[in-house]
Amino acid sequence: MILYHGSTLEVRKPLLRYGRERTDFGKGFYTTTLAEQAEHWAVIKRDRAKATRAVVSVYEIDDALIGDNNQLKIREFHGVDESWLNFVVGCRREDSVTHDYDLVFGPVANDNVFTTVNLYESGILDAPAAIAQLKAYKTYDQLSFHTQRVISALRFIRSYEINIR
């Protein structure tokens, strides 16, 4: 499987310690199967950091590693549902509890989605209403790595710079 990571620099050897707290699936190293999504993330990170570069790093990981016969603890969400919503809310809270998954795969809570998640978390929307609203948005995927053991399975292939302003 080919995976992409958007940043302000080339990331040859990902390290967990640089991951941000309170993200969709908790502190980890985030990738996507979609180059366009990683390019979008890279540009957002560049602009937020007022950096000069937006860079996409490309990796390969063996499909067998994340297949059915592995010894990794994997959480996979197959779309926006109440289980995904509650997991994201739990990971994004200030008092969030860390999980013990090696990998988490599922939809991205982008800015539009995050607004709905906030409305759900604050009690303005109940779960069915939030899910109905979330399904109206186009979502992208993300695969987050949460242990050094699984991060070390990523093989860096190359990186490229995004020149969109």
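Let's start with strand β6 and its two faces. Both are covered. On one side sit Asp141, Leu143 and Phe145, and on the other Gln142 and Ser144; all of them are buried. The strand spans residues 141-145, and 5 of its 5 residues are buried.

Keep in mind that this is a predicted model. The mean pLDDT for the protein is 87, and 92% of the residues score at least 70. Where is confidence lowest, and where is it highest? Lowest is helix α3, residues 111-121, with a mean of 77. Highest is strand β3, residues 54-60, at 98. As a general caution, predicted coordinates should not be read in detail where pLDDT is low.

Back to β6. Which strands pair with it? One is β2, residues 29-31, which runs antiparallel to β6 over 3 bridges. Another is β5, residues 103-107, also antiparallel to β6, over 5 bridges. Look at Phe145 in β6. Phe145 is the bridge partner of Phe29. Leu103 stands opposite Phe145 too.

Now zoom in on one residue of β6, Ser144. Buried or exposed? Ser144 has 0% relative accessibility, so it counts as buried. Its side chain makes a polar contact of 2.6 Å with the side chain of His146. What else does Ser144 touch, leaving aside neighbours within four places in sequence? The contacts are Phe25, Phe29, Tyr30, Asp102, Leu103 and Val104. Two of those names you have just heard: Phe29, the bridge partner of Phe145, and Leu103, which stands opposite Phe145.

Next, another sheet. This one is open, with 3 strands in the order β1-β3-β7 and antiparallel pairing. Why do β1 and β7 each have one side without a neighbour in the sheet? β1 (2-7) and β7 (155-162) stand at the edges, and each has a single partner strand, so one side of each stays unpaired in the sheet. From one strand to the next, the twist averages 25°.

Take the β1 and β3 pair. These strands are antiparallel over 6 bridges. If you want a place to find the pairing on screen, go to Ser7, which stands opposite Val55 in β3. And β3 is the strand where confidence is highest, at 98.

Last piece: helix α1, residues 35-49. Helix α1 lies across β1, β3 and β7. Its direction is at about 15° to β1.

To recap: β6 is covered on both faces, β2 pairs with β6, and so does β5. In the other sheet, the order is β1-β3-β7, with α1 lying across those strands.

Note on methods: Residues numbered from 1 in each chain as written. Predicted model: local features only at pLDDT ≥ 70, side-chain atom pairs only at ≥ 80, totals over all residues. Heavy atoms only, no water. Buried < 20%, exposed > 50% of the residue type's maximum accessible area, 1.4 Å probe, protein only. Helix = DSSP H or I, 4+ residues; strand = E, 2+ residues; numbered from the N terminus. Pairing = 2+ DSSP bridges. pLDDT = per-residue confidence, 0-100. Axes fitted to C-alpha atoms, helices over the stretch in contact; angles between N-to-C directions. Contact = heavy atoms within 4.5 Å. Polar contact = N/O pair within 3.5 Å; in protein donor to acceptor, adjacent residues only side chain to side chain.
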